[in-house]
Amino acid sequence: MTTATSPVTLEKIVALCKRRGFVYQTADIYGGLNGVYDTGPLGTLMKQNIRAAWTNSLKIPGQEMLFIEGSLISPQAVWEASGHISGFQDPMVDCLSCKHRYRADDIDLTKACSFCGNLSWTPIRQFNLMFKTQVGAAEDASSVAYLRPETAQSIFINFKNIMASNRVKIPFGVAQIGKAFRNEITPKQFLFRMREFEQMEMEWFCPESSAMEYFELWSAKRKKFYAAIGIKEEHIRIRPHEADELSHYSSATSDIEYLFPFGWKELEGVAYRGNYDLSKHMEFSGKDLSVYDEQEKTSFIPHVVECSVGTDRLFLTLLFEAYHEDIVGGETRILLKLHPTIAPFKAAFMPLSKQQLEPMEKICLAMKDKGLTVQFDATGSIGKRYRRQDEIGTPLCFTYDFDSESTGTVTVRNRDTTAQERISIDTIEEYIRNTLRA
Ligand code: GAP
């Protein structure tokens with residue numbers, strides 16, 4: 001086996017996603033919808049694993065983390081208070097010649113349009129990224145609503161409900177996984193910049209005095225998370241925002257960046273949002289969102305540290321990180337070196353011939369009953385089956401062969417090394433669980 005034939009590209013990832021059923025273009029048969037994608041069966045399994053790993057990574061011993069699911073649609077008042085109606089916009093220009101539209105900060109306006117080659121731009125205008133709609137039959141100001149451009153606001157507007165219905169004390173966290181929508185001017189790079197996507201966000205409520213300490217703690221924890229799910233240390237960096245980059249709500253933000261084939265780009269944002277959001281919702285709703293401090297005998301508005309990552313962007317990141325090509329038996333092999341906890345299937349079970357179909361399927365079903373996500377794979381030559389499993393990132397392939405019945409053993413093959421060993425059928429579950437723990 002030799003390694004690294006050619007580097008990973010976006011095109012290779014897009015092709016693999018479609019070929020193997022990770023991701024499909026939405027409404028593919030009708031020509032698609034730009035910036036919107038559906039997740040296929042393998043992608044769905046992998047996303048479930050990403051969500052579980054993220055949820056698991058939020059634990060702080062002795063401190064509370066609550067989870068909510070907010071609505072995707074919310075009234076105008078929420079977005080007026082949050083500042084999104086006035087401030088959530090990107091600069092936009094059109095080519096006067098071919099009418100192609102660009103994000104003004106994505107291109108060099110002293111150069112010609114890359115579509116038609118002419119140099120004539122409209123003035124820069126601000127374009128609000130929120131999807132606006134109307135709730136109910138009446139078309140008046142009170143029916144205006146928006147699809148949420150971030151999940152975070154669902155947490156802030158529920159802060160009072162959460163405090164009142166749960167026995168929690170500051171500091172504590174509220175986390176949420178859910179869809180967000182942005183009418184991006186130029187969606188691009190597949191799942192990197194989409195119009196409908198999923199976010200995994202956590203808001204940590206704390207007193208102002210400890211906010212910067214938590215900001216540091218969460219930044220470090222997030223970096224550790226990426227190492228734990230198999231991203232190489234040299235592919236991740238933390239970049240603090242310059243003052244002129246900070247969002248309208250943030251007084252300190254660091255981007256956790258990944259080295260994509262198209263350069264260092266934001267994967268996750270860790271932001272110290274001050275008490276901007278709760279203060280604004282207090283002001284606009286007229287409801288008291290402060291918390292009483294028993295010791296100090298005063299009320300205060302908690303400060304917030306936020307960790308926010310797009311599930312789809314992380315999914316894409318993990319595919320880039322995992323994609324490898326090597327030469328096995330004179331042929332190019334594509335393999336996804338996904339961390340076993342992230343891989344869609346933990347193992348595949350392969351009978352060598354028809355006679356071994358039944359006993360192998362029985363073992364496979366027993367593993368499913370134990371809660372392991374595994375696949376029975378009986379079609380095609382054994383070589384083809386290995387290639388298929390390598391390409392979808394399955395860490396282990398078990399083969400039941402002519403000696404299995406008499407010896408009570410199977411062969412297990414390692415995805416990354418292709419090395420094989422014989423193990424007892426009784427130890428298969430333990431073998432898989434050990435791989436998941438590694
Ligand atoms: N609540 C803070 C917030 O939404 P953001 O930097 O705009 O901050 C957070 O978004 C994360 O959401 C990003 O780091 C990225 O992972 C993901 N994200 C943002 N816009 C996205 C898009 N158009 N497509 C895919 N993921 C996106």
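Here is a short briefing on the ligand site of this structure and on one residue beside it, S308. The model is predicted, so local features need pLDDT of at least 70 and side-chain atom pairs count only at pLDDT 80 or more, while totals for chains, interfaces and linings use all residues. Residues are numbered from 1 along each chain as its sequence is written, and side-chain values use heavy atoms, leaving out hydrogens and water.

**Who surrounds the ligand**
- The ligand has 22 residues around it (a heavy atom within 4 Å), and those coming nearest are E150, R182, E201, E266 and L267.
- By type, the shell holds 10 charged residues (Asp, Glu, Lys and Arg), 8 nonpolar (Ala, Val, Leu, Ile, Met, Phe, Trp, Tyr, Cys and Pro) and 4 polar (the others, Gly among them).
- Strands β12 (196-206), β15 (263-274) and β18 (303-310) each give at least two residues to the shell; strands here are DSSP runs of E, at least two residues long, numbered from the N terminus.
- The largest share, 5 residues, belongs to β15.

**Polar atoms at the ligand**
- A ligand nitrogen is 2.5 Å from a side-chain N or O atom of E201.
- One ligand oxygen atom is 2.6 Å from a side-chain N or O atom of E266.
- A ligand oxygen also lies 2.8 Å from a polar backbone atom of G310.

**A look at S308**
- S308 sits in strand β18 and is buried (under 20% relative accessible area, 1.4 Å probe, protein chains only), at 13%.
- Its side chain makes a polar contact with the side chain of E201 at 2.6 Å; within protein, this is a pair of N or O atoms within 3.5 Å, one able to donate a hydrogen and the other to accept it, and residues adjacent in sequence count only if both atoms are side-chain atoms.

Terms used. Helices (H or I, at least four residues) and strands (E, at least two) are DSSP runs, numbered from the N terminus. Buried means under 20% relative accessible area, exposed over 50%, partly exposed in between (1.4 Å probe, protein chains only).
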